[in-house]
Structure formats: C-alpha cells, structure tokens
Amino acid sequence: MQKYSKIISTGSYLPEKILTNKDLEKMVDTSHEWIIERTGIESRHIANENESSVDMAYSASVNAIKNANIDSNVIDMIIVATTTPERKFPSTAVLLQNKLKNNKAFAFDLNAACTGFIYALDVADTYIKNGIANYVLVVGTEKITSLLDWSDRNTCVLFGDGAGVAILGSSNTPGIISNTIGSDGSYKDLLTVNTDSEVIEMSGNDVFKIAVNTMGKLAAETLEKNSMTIDSLNWLIPHQANSRIINAVARKINLPQEKIIMTVNKHGNTSAASIPLALDYANSNNLIKENDIIMFEAFGAGFTWGSTLLKY
Ligand code: COA
C-alpha cells in the first residue's frame, strides 16, 4: 500500500520579550507608521542572550510531542531548518535530540534560509513515503535577530525570533499531496550574511519584486500541477516576511484575504520558523479543520523557494 505523510501535531515557541515599532523609533530613524505601511509588522519577539535556537526548538518540540500524545522516543528522524545554529557543530538537530532524551532518531540540520521549513518537509515526506521513517520531527527555529545590525533601519525592523514544529507521521491516506522546491544561486548577493560582517545585508526592493513574482507563479503552478483551482484551497500559509508581499501574491492568484493565515504583524520575519509558527497559530485557534486543503509557500535567500500542498 502506498504511504503518505500527514501532519499529526504542531507546536511553537515565542520568546517573552516583545520589541514594538515604538521601541525601534528610539533605536533608529524610523516610525511606527512607516514600518506598518511598508511591512505590516507591529511587533516581534526577541530571544534573550542566553536563549538559543536549540532552546526555542526544544520548547516548541515539547509542545508538539504533547499535542501528538506520543512518547518522544517514537520519533525516528529529526530535521531542523535553521540559519542560526547554536554551534557550528554538532548540529542544532543533534543538540535538540539530546535535550529531548531521544535515542532512536537520526538528526541533521538543513539550511535553505527562509524556505528551510518547506525543504525540510520535502525531505521528511520522502523518507516517510519510502518507509525509512515513521515519525519525523520537522523544526524551524531561528535566533535571526543575532544577525542584525541594530543601526541599519533597512533590515533591523523586519525580523523576529521563534520556533515552530510539525510532527509528520506515516499514513495510508494523504497527507502531503505535493512538494515543489527550487533555487537559483545567481541571486546570492541580494540577501546575504557574509562571514566577514556576520550581519544581514539586503537589497530590499529587488527581493520584494522577485519574491512576489516567484511566489505568485509557484502558487499557480502548484495548483495546476495537482489539477486544483483556487476554490479548492481552504488556506494559504505563506512565509511571513511582509504583509505587502503576501497580499500581492494573493492578488496574483485571486485568493481572498480570509483564506490567508497572517502572523507577520506580531512575529516579524522569523525566517525558517515563520510557516510552522503560523501553522501552529492557526491550529491552536481552531482555524484549520480536518480535510482542509492547505498550501505552504516560501521564498528566501539564495534565492530559494518552495511550496507544499496538503490535506490536513
Ligand atoms: N524607516 C524609515 N525609512 C526607511 C526604513 C525604515 N525602517 N528603511 C528604509 N527606509 C527608507 C529608505 O532609506 C529609503 O529612503 P530614501 O528614499 O531617502 O533613500 C526609503 O525608505 C524607501 O526605501 P525602499 O527600500 O525603496 O523602500 P521599500 O518600499 O522597498 O520598502 C522594504 C523597504 C525593506 C520594506 C521592502 O523593500 C521589502 O519588504 N522588501 C523585501 C524584504 C524581505 O521580505 N526580505 C526577506 C525575504 S525572505
């Protein structure tokens, strides 16, 4: 019998400290009005000095494991999507495995910048479909504010920290219907953290335009590839970088606002953590129902992009 992977639970963690646009007004030459108008962001969570991407991943994972009502030792694969690992090695995933006292899984990190969670879902889905794994902990965790130049108003207003988790289980019915991932390294310098500066550098305007075009095209292609129309979609859970990008993509594919999960206003751009954070938000607020058709979609540095179409 053909195997599918299904999301059996979600979890998330957001640091306690909240940084508002008003707080940012005291740090750089900006205003609450400018940030809201250009990005839709009102506030973001900031991890404290002693809080790492592993700590956040751990809290979100404990939450998801509890929601799944499983023992952590049934998890046989752990993938952590992150660009802000606690250590260069061992991987964030191995450090997380240790904290979870899991001795069954194999664990590794994956870096596809803001598209990391979609890439990780694709890998998890492939392992489950091939019968290699049965329960996969898929994590997006970022202490992305550790990569910010707090004097650069072009970037410091955009990002926030957090972690989100989805546990995938093997199932006889879908589940994940299709995954599409892609990348183009010729755009490497438009959004980057160079090893000499260690801070985010971005050509905001270029990123904006390419993100809208790529995500609009990808959403349409994902539906077409699966012989679905926009009406079959219950929810779009996009990467939460900027509400203007999300709304422009929605207009391109004629998707009504009510079908979009939007958390960027309270989270900012949490990179690889943004989709699982938005998913857990939707899940814990009972917005998603069984059998809903959902599309995840992301775009990030590289450039990288990807979509996942699934039945909940
Ligand atoms: N507060 C006030 N003014 C700011 C500002 C801030 N935080 N950041 C930039 N500005 C200024 C610029 O200096 C520029 O001033 P100038 O005209 O005097 O030079 C002006 O605002 C317009 O800058 P521009 O970059 O053209 O604005 P924009 O409309 O493109 O908005 C972004 C800037 C960053 C919000 C927008 O380009 C964007 O969202 N890009 C995508 C970023 C992203 O999502 N990256 C992650 C992808 S995963």
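**View 1. The shell around the ligand mixes nonpolar, polar and charged residues.** Ten of its residues are nonpolar, eight polar and four charged. Here Ala, Val, Leu, Ile, Met, Phe, Trp, Tyr, Cys and Pro count as nonpolar, Asp, Glu, Lys and Arg as charged, and the others, including Gly, as polar. In total, 22 residues surround the ligand, each with a heavy atom within 4 Å of it. The closest are Thr30, Arg38, Gly204, Asn205 and Asn242. The model is predicted: local features need pLDDT of at least 70, side-chain atom pairs count only at pLDDT 80 or more, and totals for chains, interfaces and linings use all residues. Numbering runs from 1 along each chain as its sequence is written, and side-chain values use heavy atoms, without hydrogens and water.

**View 2. Side chains of tryptophan 34, arginine 38 and arginine 153 make polar contacts with the ligand.** A polar contact is a pair of N or O atoms within 3.5 Å. Arginine 38 places a side-chain N or O atom 2.6 Å from a ligand oxygen. For arginine 153, that distance to a ligand oxygen is 2.9 Å. A polar side-chain atom of tryptophan 34 lies 3.5 Å from a ligand nitrogen. The protein covers 74% of the 970 Å² of accessible area that the ligand has on its own (Shrake-Rupley method, 1.4 Å probe).

**View 3. The ligand lies between two domains.** Domain 1 (4-171) and domain 2 (176-311) both give residues to the shell, so the ligand lies between them. The domain bounds come from an automatic or database assignment. Helices H2 (32-39), H6 (153-156), H7 (204-225) and H8 (243-252) each give two or more residues to the shell. H7 gives the most, with four residues. Helices (H or I, at least four residues) and strands (E, at least two) are DSSP runs, numbered from the N terminus.

**View 4. Two loops hold cis peptide bonds, at glycine 175 and phenylalanine 303.** Most peptide bonds are trans. The bond from proline 174 to glycine 175 is cis, with omega near 5 degrees. Glycine 175 is in the loop between strands E7 (162-171) and E8 (176-183). From glycine 302 to phenylalanine 303 the bond is also cis, with omega near 0 degrees. Phenylalanine 303 is in the loop between strands E12 (293-300) and E13 (304-311).

Key: Polar contact = N/O pair within 3.5 Å; in protein donor to acceptor, adjacent residues only side chain to side chain.
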